[in-house]
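Opening the notebook on a new model today. I want to see how the strands go together and then follow a few residues by hand.

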Amino acid sequence: MEKDYFKDRPIESTIYSAIHIGDDVLICEKEAQKYAKEISDLTYGTVVEKLTRHNHPRGIKVKIKTLNSQIKVGRVVYIL
């Protein structure tokens with residue numbers, strides 16, 4: 001199980017119905033889950049697809065499009 005350093009995450013990031021396509025979010029990518037402890041370790045982007053189909057205690061898994069048009073996958077930590 002991955003480390004979850006973001007215990008202060010808002011409850012909305014774990015609720016499926018609170019995240020919508022087009023929302024700006026900060027995600028923790030799979031590769032970063034072991035060491036991501038600060039905001040700078042997270043990836044910013046716009047949600048293009050929700051991959052988790054139900055509530056999840058460590059965040060909903062989404063596919064995002066970053067500012068430089070890359071596609072990334074990870075769990076939502078913060079909704080902006």
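**Entry 1: Thr43 and its contacts.** I began with Thr43 and skipped its neighbours within four places in sequence; what is left in contact is Val25, Leu26, Ile27, Glu29, Ile64, Thr66 and Lys72. Reminder to self: this is a predicted model. Thr43 sits in strand β2. Is Thr43 buried or exposed? I get 14% relative accessibility, and the limit for buried is under 20%, so Thr43 counts as buried. I also checked Thr43 against Lys72, one of its contacts. Their C-alpha atoms are 8.4 Å apart, with the two positions 29 residues apart along the chain.

**Entry 2: the barrel.** Next I looked at the strand order. Four strands close into a barrel, running β1-β2-β3-β4, and the pairing is antiparallel. On average, neighbouring strands of this sheet are turned by 70° against each other, if I ignore direction. A note for myself on what holds such pairs: strands of a sheet pair through backbone hydrogen bonds, either parallel or antiparallel.

**Entry 3: both sides of β1.** I counted bridges for β1. Strand β1, residues 24-29, is joined to β2, residues 43-50, by four bridges, and the two run antiparallel. With β4, strand β1 pairs over five bridges, again in the antiparallel sense. Which residues are the bridge partners of Val25? In β2 I find Gly45, and in β4 I find Ile79. Val25 also turned up in the contact list of Thr43. As for cover, five of the six residues of β1 are buried, so I wrote the strand down as mostly covered.

**Entry 4: salt bridges.** How many salt bridges are there? The count comes to two. In one, the side chains of Glu29 and Lys72 meet at 4.0 Å, N to O. That pair links distant parts of the chain: Glu29 belongs to strand β1, Lys72 to strand β4, and they are 43 residues apart. The cut-off for a salt bridge is within 4 Å, so I note that the listed 4.0 Å is given to one decimal. Glu29 counts as buried, at 15% relative accessibility. Lys72 has a relative accessible area of 22%, which makes it partly exposed. Both residues are in contact with Thr43 as well.

The other salt bridge is between the side chains of Glu49 and Lys63, at 3.4 Å, N to O. Glu49 is in strand β2 and Lys63 in strand β3, so this pair ties together parts that are 14 residues apart in sequence. I have Glu49 as partly exposed at 31% relative accessibility. Lys63 also counts as partly exposed, at 26%.

**Entry 5: Ile21, ahead of the strands.** I went back to the segment before β1, where Ile21 has its place. Is Ile21 buried or exposed? At 54% relative accessibility, Ile21 counts as exposed, because the limit for that is over 50%. Leaving out residues up to four places away in sequence, Ile21 touches Val47, Val48, Glu49 and Lys50. The C-alpha atoms of Ile21 and Val47 are separated by 5.1 Å, though the two are 26 residues apart along the chain. Glu49 comes up again here: I already had it in the salt bridge with Lys63.

**Entry 6: the loop between β3 and β4.** Two residues of this loop went on my list. Leu67 is found there, between β3 (61-65) and β4 (71-79). Its relative accessible area is 75%, so I logged Leu67 as exposed. Which residues form a nonpolar patch on the surface with Leu67? They are Tyr44 and Leu80, and together the three have about 350 Å² of accessible area.

Ser69 has its place in the loop between β3 and β4 too. I looked up its backbone: Ser69 has a positive phi of about 65° although it is not a glycine. For comparison, most residues other than glycine have a negative phi. With a relative accessible area of 51%, Ser69 is exposed.

How values were computed
Residues numbered from 1 in each chain as written. Predicted model: local features only at pLDDT ≥ 70, side-chain atom pairs only at ≥ 80, totals over all residues. Heavy atoms only, no water. Pairing = 2+ DSSP bridges. Axes fitted to C-alpha atoms, helices over the stretch in contact; angles between N-to-C directions. Patch = residues over 30% accessible without salt bridge, like charges linked within 9 Å, V, L, I, M, F, W, Y side chains within 5 Å. Areas by Shrake-Rupley, 256 points an atom, 1.4 Å probe, with all protein chains shown as cover. Buried < 20%, exposed > 50% of the residue type's maximum accessible area, 1.4 Å probe, protein only. Contact = heavy atoms within 4.5 Å.
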